[in-house]
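User: Hi! I'm new to reading protein models, and I'd like a close look at one strand residue and the places it touches. Could you then walk me onward through other parts of the chain?

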Amino acid sequence: MSLLQMNGCVCLFYLLLLCTSCMFMASGMDDVFLELTPKEYLSSLQASKASLVYFRRNVSPSSEVFLEQLTNAMEALQDYGISVLKVNCLREEVSGYCREDSSLEKAYLFRGHVLLRELPIDALFSVDAIVANVLFALLFHEVKYITTLADLQDLENALKGQSDLVFAYVQATGTAEHRVLMEAAFVYGSLKFSLTTEVMLLRSICTEELEVPPSKLLFSHCKMATDPSQPCRRTLMEQPLTTLNVHKFLKLMGEPIVREVAEDPNTVSTTHLLLGLPLIFVLTQKETLEVDKVTAEFVAWRLMGKAGVVLLSRNSVGLDIPPRYNVALKTAEEGMPVKYLVLKDVEEIVALVESGEQSDPAQDYEEEEEEEEEEDDSENNEQEIQDDEVVESVVKDRKQNLPLELIQTLTEESFSPALAKPGCMVVLFYASWEAVSLVVLQSYVEVAARLKGTPGISLARVNCWDWPRLCTEQNITQFPAIKMWEKGRGRWQTYSGMWGTEELLRFMELSRTSTPVRLTTPEEVEDCLTGDNSASCSISVLGIFASGMVEERDAFIEAGTALNGYIRTGIYCEDDAAVLSHKYNFPLPALLLARSDKDTRKRSIIQLPKYSTQDIVEVIRDALLEPFPEITVENLPEYFQLQKPLLIFFSNGTLSEKDQKEMQHLAEDDDHQVFVACWLNFQRTPVGRGILQAYFGQPLPPLPLLIWVDLHSRGQVFRFPPDQPVTVANVQAWIEKLTSGLQVPSTILSDEDWQPRLPAYDFLSMMEPTLPEFTIYSHRSVSAHPKEEAVLGEKKADVMKDEPVAGPSLMELTGGDLRGTAPRLAAREKRAKGHAEL
């Protein structure tokens, strides 16, 4: 069907009216417009039928003009069942309407024998004026004339939940626009109509600079406003007020806001396409269906009367839509295929529809992406580089596609139902633009693959860029963040360790068992203490309490809960605890640390000055640290936070047996508590070379090398004399001299704060509301109503002023992009590229 044929379908109704008029004229119009006597006209008035009667007296120029226009208007009036009669008062004057007062010449509108309205003939100066005023008089109770904004609001309030309202401003009654409105009111009996000629009323809701503004027509969507406090949304008809335009506009207003389909878009046909308007498909998926409905609805309101909006499921049978596309466009042109696009926000969709540009946006996007990648490869952009190796690794892996199918995507809608399911739910809160988040997401995908098929545990993710309010509600103050939820416990367990795959797996494994583990028999305790059956006891710290030690026991239980996911603790608080205390020679309450050393299991008592939850947690964490650890990038924070000087033995490979023995004895000495003895292997931790270069410059001193670093006080670095052998006695004597101030430091580190070379991006400010740019988070986020510029098309019409308006499921105004679609209708900030989920 061609566009011309489509438009012909639209005006079919009016063509039928025209045919009816022609048939009526052919049947003999002269027989209808008869000149009757005053007695004859009474018998011509038919019951329940409207008649326009003119009582002709003396001939005057004004009456001649009126009769000419009345003759021309007869066919139009007949279309609406209105007969026209002319009574010659000169033949006889028995009727009271035949008065000798030519200054008050009028036409009279009857319904049956009942007079409805007297119409001065000077107001019936044209065919348009005659038809408009006659229909206005007949529809007096259906078409309200209003003069103030309060009148309009009262009328809308009365119609809420019942009917929609068509409101028009015309420059004057009797104009062609007035006729168009009245004819529409006569045809569309299911709608309510209102009319005004007051310029000030129009300006109270529209921005009009012209002194005499053109006619305007607005559609108030009051039927869907079921809440009495919810204003009716209004849509402006931007086309001129003509019969065809009004019919098309009202037809479109009667269509659903958004249609949902699950079929090939090439086969979809709607009223919009029949009327020559394009169809926009918002692509959705199962995980984001609810928010995508709100997104599609918002797009539909912006394009009301300009294009149709359809929500198309990506999971539709037989559809294979590449994941990078988020919108599809179907035009009314016959034979044109559906175009799949990548658009970043509503404004691009609106511009696409309003400009009518029919280029291939998908191809443009691919070309743009290639150009950006070339620029990224060639440019030396310091803002991209900064001094962050994590960002560099993400850029290098930007084309890597992550298999995210094992990780559930959560939204504001699906978050609570997911937590209500039995078992453990691990949730990664991250930001899709942030480098560390993307690196952690890689580890998270590896964890999901390792746990595939494991019963009772599932992994999910929440993109805080898409759902900032949800992340705020979950107290996410930084990202990435991982939390674990188990329905039975009813609380979150927050992960605070390293982001490696093994560390995450260990946390999830340990978190699935509530701690402290309750031991109930002496045999279970002896297994853990002696290590005879260590495979059955994986407890690292065991608390033994007498039955009366309630305060100490409760503090230990709270500490065990806080350490859940990192350390497995156990507790024994039976009546025979004193027997175990006597047998193994430890006082009650006792905290026993079990440490595995190759094939043996060592036991030591943890001394506590006082039994508070925080003290227990800190002492247990410190006690579990290795006495002489190998420092790596992963474990350095654990030892650095002790705020003790570091005695570091640098080597290029494993330590010799002699050095290992001497340093081990030094670390286990009673004085070791004032410093941390450790070693660093260049082969496993190459960053050690950079550390020595910062301390001593180039060339690096020969290895092995023992240094003392006091980073928490004066930043002094001391080098152990290279001409002395590393023995316990020599090192202790050297430490005593340098702590007494008798040694000159090799270097003193700067006390300046470590800062990146360039200021960091203020991402949080990007997520805060700055301008009302219509960001959709959730249809539950109704906290404020946008100005009606949004309702009437703020850029092109720019007509609405201060009156608020609400529609079904409006959103909070934050940020600048639309959430939910995949890859999403999002503000494509400079992309961090890669990762299939972006």
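Analyst: Happy to help! Let's start with T569, which sits in strand β23, spanning residues 569-572. Please keep in mind that this is a predicted model.

Is T569 buried or exposed? Its relative accessibility is 1%, and because buried means under 20%, T569 counts as buried. Now look at what surrounds it. Setting aside neighbours within four places in sequence, T569 is in contact with T515, P516, V517, I539, V541, F556 and G560. One of these deserves a second look: T515 is 54 residues away from T569 along the chain, yet the C-alpha atoms of the two are separated by 5.8 Å.

From there, step back along the chain to helix α19, residues 501-511. Its buried residues are T501, L504, L505, F507, M508, L510 and S511. What do these buried residues pack against? Their partners are the strands β17 (424-430), β18 (457-463), β19 (481-486) and β20 (491-494), together with helix α17 (435-450).

One of those partners, β19, leads us to a loop with two details to find. The loop between α18 (468-473) and β19 holds P480, and N475 lies in that loop as well. The peptide bond from F479 to P480 is cis, with omega near 10°. N475 has a phi near 60°, a positive value in a residue other than glycine. As background, most residues other than glycine have a negative phi, and most peptide bonds are trans. N475 counts as exposed because its relative accessibility is 57%.

You can find a similar pair of details further along. Q643, in the loop between α24 (636-640) and β26 (646-651), has a positive phi of about 60° although it is not a glycine. With a relative accessible area of 58%, Q643 is exposed. The peptide bond from L703 to P704 is cis, with omega near 0°, and P704 lies in the loop between α26 (687-696) and β28 (705-710).

Next, please find V726, in the loop between β29 (716-719) and α27 (728-739). This residue is buried, with a relative accessible area of 14%. Not counting residues up to four places away in sequence, V726 touches F649, K658, D659, E662, M663, L706, F720 and V731. The C-alpha atoms of V726 and L705 are separated by 9.5 Å, and these two residues are 21 apart along the chain.

Helix α27 also lets us practise describing a helix pair. Two packed helices are described by the angle between their axes and the distance between the axes. The axes of helix α25 (residues 657-668) and α27 come within 9 Å and cross at roughly 50°. That crossing makes α25 oblique to α27. The crossing of α25 past α27 is right-handed. Which residues make the contact? On the α25 side they are E662, H665 and L666, and on the α27 side V728, V731 and Q732. Sorted by class, this contact has three nonpolar, two polar and one charged residues.

For another helix pair, turn to α11 (residues 289-302) and α12 (residues 346-355), whose axes come within 10 Å and cross at roughly 40°. These two helices are therefore oblique to each other. α11 passes α12 in a right-handed crossing. The contact involves F298, V299 and R302 from α11, meeting V346, E347, I349 and V350 from α12. Its residues divide into five nonpolar, no polar and two charged.

Finally, let's look at the nonpolar cores. How many residues does the largest one have? There are 53, and those with the most contacts inside it are I130, V134, F193, L217 and L250. Helix α5 (residues 127-138) supplies the largest share of this core, with eight residues. A second core, separate from that one, has 41 residues, including L402, M549, I567 and L593. To see a local part of the largest core's surroundings, zoom in on L250: leaving aside neighbours within four places in sequence, L250 is in contact with V166, Y188, L191, F193 and F219.

Notes
Residues are numbered from 1 along each chain as its sequence is written. This is a predicted model: local features need pLDDT of at least 70, side-chain atom pairs count only at pLDDT 80 or more; totals for chains, interfaces and linings use all residues. Side-chain values use heavy atoms; hydrogens and water are left out. A nonpolar core is a set of buried Ala, Val, Leu, Ile, Met, Phe, Trp, Tyr and Cys residues joined through side-chain atoms within 4.5 Å. Buried means under 20% relative accessible area, exposed over 50%, partly exposed in between (1.4 Å probe, protein chains only). Helices (H or I, at least four residues) and strands (E, at least two) are DSSP runs, numbered from the N terminus. Contact means heavy atoms within 4.5 Å. Axes are lines fitted to C-alpha atoms, for helices over the stretch in contact, and angles run from 0 to 180 degrees between N-to-C directions. Angles under 35 degrees count as roughly parallel, over 145 as roughly antiparallel, 65 to 115 as roughly perpendicular and the rest as oblique. A crossing is left-handed if the near helix is turned anticlockwise from the far one by less than a right angle, and right-handed if clockwise. Ala, Val, Leu, Ile, Met, Phe, Trp, Tyr, Cys and Pro count as nonpolar, Asp, Glu, Lys and Arg as charged, and the others, Gly among them, as polar.
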